[in-house]
Each structure stands twice: as structure tokens, then as C-alpha cells.
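Colleague: I would like to go through this model with you. Could you put it on the screen?

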2 protein chains.
Amino acid sequence: MESKSSCIEKYILECMLNNDSIKLSRAELANRFNCSPSQINYVLSTRFTHDRGFLVQSKRGGSGCINLMKIVGSEESILSQIYTGLCDIKSISYNKSSDIIYRLVRDGIISDRESMIISASISDKSLMNADGIVANVRVNILISIILELSRRTVNE
Amino acid sequence: MESKSSCIEKYILECMLNNDSIKLSRAELANRFNCSPSQINYVLSTRFTHDRGFLVQSKRGGSGCINLMKIVGSEESILSQIYTGLCDIKSISYNKSSDIIYRLVRDGIISDRESMIISASISDKSLMNADGIVANVRVNILISIILELSRRTVNE
DNA sequence: ATATATTAAAGGTCAAAGATAGTCAAATTA
DNA sequence: TAATTTGACTATCTTTGACCTTTAATATAT
């Protein structure tokens, strides 16, 4: 017997057949499949991961919702490679980061100006307060940015 | 579904398209959108903040009204305003930061994409390792970026 | 006329209720 | 044992309502 989670996954995939981006209501889904709302989170976090080419964003509160996006386009694999690489490490130096940023510029994924913004945000100066964990924070910042860039490839 | 507050925000923004300053009637707005008057205050205080580059003044009593103004200025002066503001504080929340970024986009100082990169780099997720000093690190990142942007502005 | 009190017409504040979604760990199932 | 399911608790955003403050206009008293 197929698990409920798999059914939910299938259903969502069907919804995305003709859309690279859909809005979901967690409560509505949970209701439709007669499961707890948190199971929807479970499905999203196990089946709609970045590695599989998806991106999830959400808003709480009144008229909140979950935005599920499919990552498409030629940049996908490059970003995905970088993402995977970053997830495998706990910390990264400014210089090594610069290499990554350089590659993003070279491959036309980000502009010069964008590279400068990223460099500024992960500079030692920016992170000076993060005593001892500068390099860890830097990884997380890079990961967040890579995710955002992935989102961008969805939108156009 | 979009929240009523967002609709009201949009409406007000439209009214301001060709005016840096408009007069609003709280009661009239509440009536138009079929909401409680205090929801207008909510919209103003969450969407038309000073950080976003707006100024709200109001007068009570007979023929009272709300005066909503867009803070304008050259790119240089806006950046400098923001810089000064940031230097005065030791920490900043993600939401307040978002307001600043909103303003940078609104005033054409950064692109939408650039705003996404900045948001990603200062997100709680990015800074999660910075136990206890998340908001301090955030200020420093913003300052670094603003400085870089200023440098660019000057140089061309 | 002038000063003062009253009233009506704005707008403000704040906290509670409502509407979503997220997290995490325990219980269950395959 | 690993994957799934559930539920209690948390976080965030929106909407509403009761009560408060300010001001202009008007009525009233001198």
C-alpha cells in the first residue's frame, strides 16, 4: 500500500504538471488527505527538496500560504552543484567563497554588482562580531543566496 | 488570496504614483475597504514605515486627516541616511531590514534581484549559527553593503 | 461681541481573537 | 530500523472592537 505521504506527493506533482510554481494551503491539503497539517511539512521537506529541484517558501498568518516552485533552466545544475558542495561543509574562508562568486560571474549567473553585494555581505568586516564562527556563518549565507538565485531561475 | 491589508496597501501606493504626498481619510478608507478604521493604522504602521521611506502625519478632530509622504532625495543622500541610521544602532531585526531593502528597491537604488540576494544573506537562516548576536551581525552586513553601494554611486 | 462650555468629528492605541504555517519529538507502521 | 503519522506547542500575520485623545464647530452665558 502506498503511503499517504506518497499520495500527497503525487497529487502535488500533478498540480505542478503545467505550472512551475503553485500556491498551496497547508490546512486545505491536510484536510483533503485527512492528515495532520504537519504531515504536509513532512512531505515537502522529504520530497520537494532543493536536490530534487524544488524550492519552498511560505508565509504565516492570515492569508498565508505555501509557495512551491520548480527550479528550471540552464543555471540549475551549476547552482545545484554549488549548493551540494556547500551543504557538505561546515565552514568556508573568504577566499574560497570568492572563487565561488567568481564562477557565478563567469557563468553569467550573477552580475558584477551582485557579486560585489555578496562579497560585502560575507566579508570579515561584516561578520566580525561572529567570533569564532565567522566561517560557519559564511557558509549559511552562501547557501541562502544560492537558494534565492535558484528561485530566480524559476521566475523567468 | 491576498489579504485585505495588502489590497489597501496597493490602493494607497496607486494613489501615490504621481504624488509624493497625499491626504487620506481614515474613515473613508475603512469604509471603502469595508474594514475597521484601526486596520488602516495597521496598514500604515506595517507598510508605510519610516524605514521604507515614508512619513505619516495626522491631525485629529474636525477636518482632521492623515498625511502620507514619500521621503525623497538623491541616491547619495538616501544611502547616507540609511548608513547613519544603521550606525546608530547595534542590532536590527529581519523585518526592519526588509523595510530598508524595500526602500532601496522602491527608489531604484538596487534591483529586485539584488534585494533578494541581500535578504537572503541577512535571513535568520543564514545567521542561525551566530547565537545571540544574529541581529548585531545583521547590522554589520547591511552597513558593508550600503558602503559598497555608496562607493559605486560615487564612482559613476 | 467675547469667553466658555458642549458636541461632533476626526484619528490613536492596545489587546484579544482569528487564521495560517513551523517545529520537534513521541508513537506508530512497514 | 527507517519511514511515516500525529499532536502539542510555537511563531507570525491579520482583523476586530472597546476605549482614549484631539480638534473644529457650535451653542450658551456674560
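Modeller: Chain A has an open sheet of three strands in the order 1-3-2, paired antiparallel; strands and helices are DSSP runs (E, at least two residues; H or I, at least four), numbered from the N terminus, and two strands pair if DSSP finds at least two bridges between them. This is a predicted model, in which local features need pLDDT of at least 70, side-chain atom pairs count only at pLDDT 80 or more, and totals for chains, interfaces and linings use all residues. Residues are numbered from 1 along each chain as its sequence is written, while chains are lettered from A and ligands numbered from 1 in the order in which they are written.

Colleague: Which are the edge strands?

Modeller: Strand 1 (21-24) and strand 2 (54-59) of chain A, each of which pairs on one side only.

Colleague: How many bridges join strand 2 to strand 3 of chain A?

Modeller: Six, and strand 3 covers residues 65-70. A:Q57 has A:N67 in strand 3 of chain A as its bridge partner.

Colleague: Turning to the DNA, which residues come nearest to strand D?

Modeller: Of the 30 residues around DNA strand D, these are A:S38, A:G61, A:G62, B:G61 and B:G62. A residue is near if its C-beta atom, placed from the backbone, lies within 6 Å. Helix 1 (4-15) and helix 3 (37-47) of chain A, and helix 1 (4-15) and helix 3 (37-47) of chain B, each give two or more residues to this surface.

Colleague: And how many residues does each chain bring to the contact between A and B?

Modeller: Chain A brings 26 and chain B 25, counting C-beta atoms, placed from the backbone, within 7 Å. Helix 7 of chain A gives the most to its side, with nine residues.

Terms used. Contact = placed C-beta atoms within 7 Å.
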